[in-house]
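Hi,

Here is the structure I promised to pass on. Have a look at it first, and my notes follow underneath.

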Amino acid sequence: VRVILQPTSFDPGQILVTSYRDGGMSAVPDSELVPAATALPLVSESGLGAFDADALRKRLSGTLAHVGGAIGPYGEGVWGQAPPKDLTTLFQLLYLEFTAPRLDSAVFRHYESQLREALAHRAASPEAAFEDTLALLLADHSPRVRVLDTTYVRALDAAKSLAFFRSRFADATGFTFVIVGAFDRDSIRPLVARYLGGLPASGGWGRWRDTGERPPSGITVRVVRKGTEPKAALALVFHGRAETSLRERVLLRALADVLQQRLWEELRETLGGVYGVSVTAEQEAVPVPEYRLTVRFGADPERIEGLRREVFAQVSRLEADGPTAVELEKFREAARRERETAARTNAFWLQTIALYDQRGWDFEGLGDDDRIADTITPSDVREAARRYLDLSRYVQVMLLPEDER
């Protein structure tokens, strides 16, 4: 395993740990997706080693050490946090998370009951129908995307869930750990060597497997009619391949911020009828370099079509003219304020170090987002709008009441 240490003085009572490795849900076949997807919540509620959840809480009484796992589509990891006085306990718990997971039958029965109850309410939920439709469309109806339904609940299997969790963490080969916070390098090294260096590792581990989920090409539009309340919603997702450099990441954030400013002004302040509008941007490197820029808002049903047209009008204007100097400066100021606040926290450096390491970016530029933001020009954002807001490639889902025509 690899270990990256970053001592800080931001918070004398905090040490944070994260870790990551390729693999995740991509390692399982379609037939085992439900047991794999439910493994983490089931194991997390069952305790560790010889201790069930209640016994573990009693054993840890008086300590502030916490650990947990993470399993994503293409990777997995463990995380933890503790004050310096509980550092040994933190490392012991991290070791047990890898070597001694458990899954209790009572936890499984409770979880199954919760899912059945959620399923009963979900059938009447307009929001659930809206989100399920969006998720399925963005994966082009891949069988790898499972929504909560009766077949999902029937596919639960405690033994398979525990076996999957163990398969992801029984061999620590290829893991990278990042540790940030109030520690001394020399003092922490023996704990790192014993509990992380002592994890079982065979020396061989496979990478993630490309399972093929991709948004559909071209334009995809759906209307979901559900519920009787006079509420409507729209999600518009632009997507495609993209360079995953740090500069492009900042540029994509700038574009999303400027578009958010415009839509907030036009949809909420000028046109009215909007409950809230958000623009978010994501940049991913795995399984392929790609981006998603998502516009979401809720509105009165009778206003939503006009507001949807205004979104596209604002996108076209941004592609034609780019942002104003005022809009771009608002983004820069926000980026600076965010950086100044976040850079005084351990969480910021933990996440930033992990991101740079996983993307292969140079640590010499660690946390340089605001410096890069200062170099971005209006023409840069205009060209980014033309690349990222492609009006020939997006997914749009609209939610309307059942009686709305």
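**The sheet E6 to E10**

One open sheet has 5 strands in the order E6-E10-E7-E9-E8, with mixed pairing. Before going on, the housekeeping: this is a predicted model, where local features need pLDDT of at least 70 and side-chain atom pairs count only at pLDDT 80 or more, while totals for chains, interfaces and linings use all residues. Residues are numbered from 1 along each chain as its sequence is written, and side-chain values use heavy atoms, with hydrogens and water left out.

On terms, helices (H or I, at least four residues) and strands (E, at least two) are DSSP runs numbered from the N terminus, and two strands pair if DSSP finds at least two bridges between them.

Back to that sheet: its edge strands are E6 (219-225) and E8 (274-284), each pairing on one side only. From one strand to the next, the twist averages 10° (axes are lines fitted to C-alpha atoms, for helices over the stretch in contact, and angles run from 0 to 180 degrees between N-to-C directions). E6 pairs with E10 (residues 394-400) in the parallel sense, over 7 bridges, and Val224 has Leu399 in E10 as its bridge partner. Helix H6 (residues 126-138) packs on this sheet, touching E6, E7 (232-241), E9 (290-299) and E10; contact means heavy atoms within 4.5 Å. The direction of H6 makes about 165° with that of E10.

**The sheet E1 to E5**

There is also an open sheet of 5 strands in the order E1-E5-E2-E4-E3, again with mixed pairing. E1 (2-7) and E3 (66-71) are at the edges with a single partner strand each, so one side of each has no neighbour in the sheet. Here the twist averages 15° from one strand to the next. E2 (residues 15-22) and E4 (residues 75-82) pair in the antiparallel sense over 6 bridges, and Asp22 stands opposite Gly75 in E4.

**A helix pair**

How do H4 and H9 pack? H4 (residues 87-99) and H9 (residues 185-196) have their axes 9 Å apart, at an angle of about 20°. They are therefore roughly parallel to each other (angles under 35 degrees count as that). The contact brings Leu87, Thr88, Phe91, Gln92 and Tyr95 of H4 against Ile188, Leu191, Val192, Tyr195 and Leu196 of H9. By class, that makes 8 nonpolar, 2 polar and no charged residues (Ala, Val, Leu, Ile, Met, Phe, Trp, Tyr, Cys and Pro count as nonpolar, Asp, Glu, Lys and Arg as charged, and the others, Gly among them, as polar).

Cheers

Methods. Parallel < 35°, antiparallel > 145°, perpendicular 65-115°, else oblique.
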